[in-house]
Amino acid sequence: MMFFLCFVLFLIGLYCVLIKKNLLKIVMGIVIMEYSVNLFLITVGYKAGAVAPIVTEGAGKVSFVDPLPQALVITAIVIGIATLALIVALCMRVYDRYKTFDITKIRRLRG
Amino acid sequence: MPEIELYLLITLMIVGALVAVHTRYLISAVISLAVVGMALAVAFLYMQAPDIAITQIVVEVLALVILIIAVSIGKEVVDIKGKWETLTIGVTVLFVVIFAIFAYRALADLPPFGSPLMTVSQRYVEEGLKQTGSANLVTSILLDFRAYDTLGEATILFTAILGAFAVLRNIGRKAK
């Protein structure tokens, strides 16, 4: 059920990307999809009753959650902010050219 | 039992995402998106991932600033309506529902929530401290076992920032 709720969040972002005609709304849809995928990966690695994967002295035998998805999701989050900056820079350049964010009006070529 | 809190948080995230998609003003959409990101950070904390929660908070603030800059340059802060609205929404909703049905059947093949497989990472958990000397196992994976991933991440980061800089700079562009 938890996995499916993450997927519902992904589908909301997909719907936003497919329906909306404002460039910035499309960017927000991409960001929502990215959040949902990160949440899904962490959810896959979650173990009930386990602690964060940090070894402490004298704690004895404890079970850790899966550290591998966490390491990969940190990478994905940082890449996400970099690509978001690139996307927003492209949107601002498009706005400079066309004076609009409406994707139905950004059709003609202008050098 | 943190499951109840997790379900509440993901419900908050879904509601925030729906508000962000359907609200009329773009600045409200950006704020709703920030609600989704902050709830995501709290959800990471509940799922025993403190490093990612910290990263997510920092990145969320940065994303908020970037999106507010992008929204504030436009004159039209109101969401745009187009023609063929009903037909487009109908077809898209049909596609999304079909996608959801297939995903529901595919996600049933995963191990159940709360009991991961951990075939590869069991080795990391057992030998991480001994082999790398790092008490934080996420750090030991990030910087030792899978250091090439981090190298690739740094490359992508550098390329994306370079691209954004090249797109945004005004030198050499014809003034209008």
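Chain A and chain B bury about 7900 Å² between them. Carbon and sulfur atoms account for 79% of that area. On the chain A side, the most area is lost to chain B by A:Tyr35, A:Tyr46 and A:Arg93. Together these three make up 10% of what that side buries. The contact draws 76 residues from chain A and 93 residues from chain B. Salt bridges between chain A and chain B number zero.

This is a predicted model. Its scores are ipTM 0.89 and pTM 0.90. For chain B, the mean pLDDT is 87. In that chain, 91% of residues reach 70 or more.

**Backbone with positive phi**

Most residues other than glycine have a negative phi. Which sign does phi take at A:Lys99? The angle there is positive, at about 55°, although A:Lys99 is not a glycine. B:Met118 also carries a positive phi of about 55° and is not a glycine either. The table sets out both residues.

| Residue | Phi | Location | Relative accessible area |
|---|---|---|---|
| A:Lys99 | about 55° | segment after helix H3 (67–98) of chain A | 57%, exposed |
| B:Met118 | about 55° | loop between helix H4 (85–107) and helix H5 (121–132) of chain B | 8%, buried |

Is A:Lys99 buried or exposed? Its relative accessible area is 57%, and the cut-off for exposed is over 50%, so A:Lys99 counts as exposed. B:Met118 has a relative accessible area of 8%, which is under 20%, so B:Met118 counts as buried. A:Lys99 lies in the segment after helix H3 of chain A. B:Met118 sits in a loop of chain B, between helix H4 and helix H5.

**A nonpolar patch on chain B**

Which residues make the nonpolar surface patch of about 390 Å²? They are B:Met38, B:Ile57, B:Val61, B:Val65 and B:Ile69. Helix H3 of chain B, residues 50–73, gives the largest share, with four residues. B:Met38 belongs to helix H2 of chain B, residues 26–46.

Why does B:Met38 count as partly exposed? Its relative accessibility is 34%. That value falls between the 20% limit for buried and the 50% limit for exposed, so B:Met38 is partly exposed. Patch members need over 30% relative accessible area, so B:Met38 at 34% passes that cut-off.

Technical notes. Residues numbered from 1 in each chain as written. Chains lettered and ligands numbered in written order. Predicted model: local features only at pLDDT ≥ 70, side-chain atom pairs only at ≥ 80, totals over all residues. Heavy atoms only, no water. Patch = residues over 30% accessible without salt bridge, like charges linked within 9 Å, V, L, I, M, F, W, Y side chains within 5 Å. Areas by Shrake-Rupley, 256 points an atom, 1.4 Å probe, with all protein chains shown as cover. Salt bridge = Lys/Arg side-chain N within 4 Å of Asp/Glu carboxyl O. Helix = DSSP H or I, 4+ residues; strand = E, 2+ residues; numbered from the N terminus. Buried < 20%, exposed > 50% of the residue type's maximum accessible area, 1.4 Å probe, protein only. pLDDT = per-residue confidence, 0-100. Contact = heavy atoms within 4.5 Å. Buried area = accessible area lost by both parts, 1.4 Å probe.
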